[in-house]
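I opened the notebook to record what I looked up, entry by entry, with the cut-offs beside each term.

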Amino acid sequence: MTMDDRVGMTPGWPASNNAMTSLLAQNWWAIALRGVFAIIFGIIALLMPGAALLAFVLLFAAYMLVDGILAIIAGVRAAQRHERWGWLIFEGILDVIAGGIAVVWPLVTIVAFVFLMGAWAIVTGALMFGASFRLNIPHGRWLMAVAGAVSMIWGVLLIIWPLIGAVVLTWWIAAYALFFGVALLVLAFRLRGRRHDAAVAPSGAVPRGV
């Protein structure tokens with residue numbers, strides 16, 4: 001029996017795969033927290049779609065206003081130090097305008113928000129799908145891959161049909177969040193069973209065949 005077998009690592013896998021598994025196993029609680037928050041968010045969006053949409057718009061407006069003000073302040077300070085400040089001021093003004101539009105015309109903001117969420121889902125899903133191939137198959141690779149694929153499909157559908165209705169959109173978000181959260185919880189508890197093995201002998205620390 002090799003040392004890899006005794007500590008729970010998968011013999012024959014590249015060292016980078018075992019290192020990825022070891023890192024995720026030691027931080028399984030962070031993945032579990034992401035899953036719990038995703039499930040809570042999904043339940044709220046499913047039961048109160050109107051409130052969820054309004055929260056989206058207000059959150060976006062608050063972010064844009066704060067980010068715009070900070071950008072303007074940074075631009076003013078850069079001008080005082082005789083550094084480049086034009087783009088900072090321009091960006092800040094655009095952010096403040098976008099935040100104001102979100103407050104005054106929330107429906108327009110929702111349409112724009114659909115495209116933003118679609119792009120976000122595609123990017124994060126692709127990153128998670130790619131990262132899944134660095135995780136060993138027995139440790140939950142397919143769960144991470146499925147979660148990433150669902151995220152990408154959901155993002156594409158949002159971009160193709162942006163005017164499906166606010167309520168239906170919120171239900172899509174809720175379903176996505178619930179599935180994503182459950183998948184992360186299952187993955188987290190599968191990794192939890194490996195955390196002690198990963199702590200004893202990280203992959204690559206001891207040559208195989210000992």
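**Entry 1: W154 and its ring partner**

I looked up W154 and found that at 7% relative accessibility it counts as buried, where buried means under 20% relative accessible area, exposed over 50% and partly exposed in between, with a 1.4 Å probe and protein chains only. I noted that this is a predicted model, in which local features need pLDDT of at least 70 and side-chain atom pairs count only at pLDDT 80 or more, while totals for chains, interfaces and linings use all residues. I also noted that residues are numbered from 1 along each chain as its sequence is written, and that side-chain values use heavy atoms, with hydrogens and water left out.

Y176 counts as buried as well, at 10% relative accessibility. The rings of W154 and Y176 have their centres 4.6 Å apart and their planes at 5 degrees, so I entered the pair as stacked; rings of Phe, Tyr and Trp (its six-membered ring) pair if their centres lie within 6.5 Å, and planes under 30 degrees apart count as stacked, over 60 as edge-to-face and the rest as tilted. Because W154 lies in helix 7 (residues 141-160) and Y176 in helix 8, the pair ties together parts that are 22 residues apart in sequence. Helices here are DSSP runs (H or I, at least four residues), numbered from the N terminus.

Leaving out residues up to four places away in sequence, I listed M117, W120, A121, W172, I173 and Y176 as touching W154, contact meaning heavy atoms within 4.5 Å. W154 also belongs to one aromatic cluster together with W120, Y176 and F180.

**Entry 2: the nonpolar core**

Which residues of the largest nonpolar core touch the most other members? Of its 29 residues, they are W154, F180 and L187, a nonpolar core being a set of buried Ala, Val, Leu, Ile, Met, Phe, Trp, Tyr and Cys residues joined through side-chain atoms within 4.5 Å. Helix 8 gives the most to this core, with 10 residues.

**Entry 3: aromatic pairs elsewhere**

My search of the whole structure returned 4 aromatic pairs. One of them, W87 with F90, is edge-to-face, at 5.8 Å centre to centre and 80 degrees between the planes. The two are 3 residues apart in helix 5 (residues 86-104), which means a separation of about one helical turn. W87 is exposed, with a relative accessible area of 71%, whereas F90 is partly exposed at 45%.

**Entry 4: T170**

I placed T170 in helix 8 (residues 166-192) and found it buried, with a relative accessible area of 0%.
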